[in-house]
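Reader: Please take a close look at the empty spaces inside this structure, in particular the second largest cavity, and then go on to the other local features that can be described. A connected account would suit me better than a list.

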Amino acid sequence: MDVNEFDFNLPESLIAQTPLQDRTASRLLTLNKHTGEIKHTNFKSIIDYLNTGDTLVLNDTKVMPARLFGVKEDTGAKIEMLMLTEHDNGWEVLIKPAKRVTIGTRISFGEGKIVAICVEELDQGGRIMQLNYEGILQERLEELGLMPLPPYIKETLEDQSRYQTVYARATGSAAAPTAGLHFTESLLEDIKAKGINIAYITLHVGLGTFRPVSVDDVESHKMHSEYYEMSEETAKLLNDTRDSGNRIITVGTTSTRTLETIADDSGHFTAQSGWTDIFIYPGYSFKAVDAMITNFHLPKSTLVMLVSSLATKEFIMNAYNEAVNEKYRFFSFGDAMFIY
């Protein structure tokens with residue numbers, strides 16, 4: 001399968017640079033995965049597409065303020081570091097400029113409040129860094145770090161909380177699960193009042209999910225691993241939903257990948273945690289997810305491939321072309337799509 005099959009023309013003017021004042025004010029394109037029928041509405045009306053007994057699955061990960069600016073201790077050269085994932089031997093990070101950081105390099109942030117030492121070199125600017133600091137790392141990051149906005153967002157984000165979902169609680173992501181940015185506490189209460197269940201999983205989002213596929217053959221692409229958790233409570237709720245014949249609806253590709261990782265062949269779940277590198281592209285048979293709320297994604301990305309698996313590549317490409325023609329806002333702060 002050629003990666004170019006998932007390409008489309010996207011004018012730069014449609015890349016949303018700032019969030020709307022009202023999270024629920026974004027537009028919503030609905031796509032029937034069986035017929036390809038498209039409708040245009042607003043996100044507040046998502047409740048009209050959810051049925052009593054359905055379960056809505058949200059990823060409660062919280063983005064770390066993990067973009068740090070420091071200097072090399074030996075030369076004073078300026079270094080930018082983006083923390084991604086914690087491993088047994090240190091933190092996987094992205095470094096700019098990477099060529100200045102080799103094994104043994106020490107980088108000081110906040111005049112030594114955090115000192116990072118390179119212990120391993122990875123490809124594409126990646127490094128494994130051991131971090132030395134006093135106190136609690138999250139507190140040091142809150143003091144020194146910035147929110148790691150995607151590179152296609154050029155505007156300054158005045159309110160850092162707008163790159164967090166209102167239900168974020170489990171700190172550990174390098175990027176937000178952006179489909180969830182459309183929800184407010186009020187909308188979630190209205191959804192519950194209609195008899196729709198809310199379930200939470202955690203998947204800490206890494207940047208590998210968002211990178212364009214760099215190989216010509218889709219099947220040759222390798223996904224980065226991301227850490228996930230599902231509780232006993234969530235597993236039971238999802239199993240009850242499945243057994244009662246109601247729908248499981250994921251909010252975002254991260255929730256989708258987590259559920260498809262955990263579900264057995266019958267679409268049932270057990271509480272667990274671990275690492276997933278699941279890659280969902282056309283030809284994949286969904287075990288767990290019936291419908292999905294998602295944003296509009298980058299051309300040739302694994303995320304476009306995932307949504308194409310749920311609703312066929314032809315239906316998705318047609319929907320994306322219509323979204324471009326209708327001037328929908330794309331990517332993290334953009335509009336939403338409901339595939340059902």
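Author: For the classes used below, Ala, Val, Leu, Ile, Met, Phe, Trp, Tyr, Cys and Pro count as nonpolar, Asp, Glu, Lys and Arg as charged, and the others, Gly among them, as polar. The model is a predicted one.

By these classes, the lining of the second largest cavity is made up of four nonpolar, four polar and four charged residues. The residues concerned are Pro19, Leu20, Asp22, Arg23, Ser26, Arg162, Leu181, His182, Arg329, Ser332, Phe333 and Gly334. The nonpolar members are Pro19, Leu20, Leu181 and Phe333, while Asp22, Arg23, Arg162 and Arg329 carry the charged label. Ser26, His182, Ser332 and Gly334 fall in the polar class. The volume of this cavity is about 100 Å³, and the structure holds three cavities of 30 Å³ or more.

The open spaces come next. The largest pocket has a volume of about 790 Å³. Its lining consists of 33 residues, and those nearest the centre of the pocket are Leu82, Pro148, Leu149, Pro150 and Pro151. Two elements, β6 (78–87) and β7 (90–96), give two or more residues each to this lining. By class, 21 of the lining residues are nonpolar, six are polar and six are charged.

Strand β7 also leads to a feature of the backbone. Pro97 sits in the loop between β7 and β8 (106–109), and the peptide bond that joins Lys96 to Pro97 is cis, with omega near -15°. Another backbone feature is found at Lys300, in the loop between β16 (291–295) and α5. Phi of Lys300 is near 60°, a positive value in a residue other than glycine.

Helix α5 (residues 302–311) brings in helix α6 (residues 313–325): the axes of the two come within 7 Å and cross at roughly 120°. Angles from 65 to 115 degrees count as roughly perpendicular and those over 145 as roughly antiparallel, and α5 and α6 are therefore oblique to each other. Their crossing is right-handed. On the α5 side, Val304, Val307, Ser308 and Ala311 take part in the contact, and they meet Lys313, Phe315, Ile316, Met317 and Tyr320 of α6. The residues of this contact divide into seven nonpolar, one polar and one charged; the polar one is Ser308 and the charged one is Lys313.

Last comes Tyr340, in the segment after β17 (336–339). Leaving aside residues up to four places away in sequence, Tyr340 touches Thr30, Leu31, Asn32, Lys33, His34, Arg247 and Ala291. Tyr340 and Thr276 are 64 residues apart in sequence, and their C-alpha atoms are 25 Å apart in space.

Definitions and conventions:
Residues numbered from 1 in each chain as written. Predicted model: local features only at pLDDT ≥ 70, side-chain atom pairs only at ≥ 80, totals over all residues. Heavy atoms only, no water. 1 Å grid on protein atoms, 1.4 Å probe; cavity = no way out; pocket = protein on both sides within 12 Å on 5 of 7 lines; lining within 4 Å. Points joined across faces, edges and corners; volume = space filled by probe spheres on them. Helix = DSSP H or I, 4+ residues; strand = E, 2+ residues; numbered from the N terminus. Axes fitted to C-alpha atoms, helices over the stretch in contact; angles between N-to-C directions. Parallel < 35°, antiparallel > 145°, perpendicular 65-115°, else oblique. Left-handed = near helix turned anticlockwise from the far one by under 90°. Contact = heavy atoms within 4.5 Å.
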